Amino acid sequence: MCFEIGNKVAVIDDVIQGVVVGIKEKEVLVRDNQGMEYRFFKDEVVKIKVEQNELSKYIDINNKMLREKTVEKKKKNKTFVKSKNEIVMEVDLHIEKLLKSTKGMDKYDMLSYQINVARQKVEYCIQKRISKIVFIHGVGEGVLKSELNYLLNNYPVKYYDASYQKYGLGATEVYVFQNPY
């Protein structure tokens with residue numbers, strides 16, 4: 001694709017949009033709305049004239065597959081489950097459930113993000129006096145589970161493997177101790 005300085009572009013597989021401010025052989029330098037400059041290969045960006053959400057207002061889609069992609073799907077992810085007058089917060093820590101894209105992130109960054117989400121959820125449950133949390137972490141190599149256990153040791157909680165029938169092997173249930181006052 002032929003780019004010129006001043007073209008408005010969007011990055012494929014990312015949420016970055018901006019203006020071309022420099023061009024090298026196979027790369028373009030893009031400045032976003034906040035003034036950050038990024039360097040991308042030419043095949044990683046596309047020229048845009050109007051915002052994508054503006055375009056979708058005027059299109060008539062007859063293709064079934066494309067129509068399904070444009071219709072917003074309702075999230076099936078339950079956050080709270082109430083059973084026997086007890087509120088249980090379920091948190092899926094799989095990285096693909098937490099982020100749209102992990103482009104540019106290494107395994108350490110992804111693990112740090114997952115642990116930060118877990119920390120926020122534990123602190124939220126302590127603050128809101130929710131007594132149970134279920135963290136769904138999957139089986140994998142066990143790195144996320146061990147980091148989660150290390151994190152939970154810093155809070156007034158008791159944790160154990162969650163119900164095998166309901167969650168399988170890859171989940172940890174956390175009981176949050178409530179202060180009597």
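Here, buried means under 20% relative accessible area and exposed means over 50%. The legends below go with close-ups of a predicted model.

**View A. Glu90, a strand residue with a side-chain partner.** Glu90 belongs to strand S7, which covers residues 86-92. With a relative accessible area of 15%, Glu90 falls under the 20% cut-off, so it counts as buried. Look at its side chain and you'll find Tyr167: the two side chains share a polar contact of 2.6 Å.

**View B. An open sheet of five strands.** Reading across, the order is S4-S3-S2-S1-S5, and the pairing is antiparallel. Strands S4 (37-41) and S5 (45-47) sit at the edges; each has a single partner strand, so one side of each has no neighbour in the sheet. On average, neighbouring strands here are turned by 45° against each other, ignoring direction. As for what holds such an arrangement together, strands of a sheet pair through backbone hydrogen bonds.

**View C. Zooming in on the S2 and S3 pair.** Strand S2 (residues 17-23) and strand S3 (residues 27-32) run antiparallel, with five bridges joining them. Val20 is a handy spot to centre on, as Val30 in S3 stands opposite.

**View D. Two cysteines, Cys2 and Cys125.** Which of these is buried and which is exposed? Cys2 has 58% relative accessibility, over the 50% cut-off, so it counts as exposed. Cys125 comes out at 0% relative accessibility and therefore counts as buried. If you're hunting for disulfides, the structure holds zero.

Key. Residues are numbered from 1 along each chain as its sequence is written. This is a predicted model: local features need pLDDT of at least 70, side-chain atom pairs count only at pLDDT 80 or more; totals for chains, interfaces and linings use all residues. Side-chain values use heavy atoms; hydrogens and water are left out. A disulfide is a pair of cysteine sulfur atoms within 2.5 Å. Buried means under 20% relative accessible area, exposed over 50%, partly exposed in between (1.4 Å probe, protein chains only). Two strands pair if DSSP finds at least two bridges between them. Helices (H or I, at least four residues) and strands (E, at least two) are DSSP runs, numbered from the N terminus. Axes are lines fitted to C-alpha atoms, for helices over the stretch in contact, and angles run from 0 to 180 degrees between N-to-C directions. A polar contact is a pair of N or O atoms within 3.5 Å; within protein, one must be able to donate a hydrogen and the other to accept it, and residues adjacent in sequence count only if both atoms are side-chain atoms.
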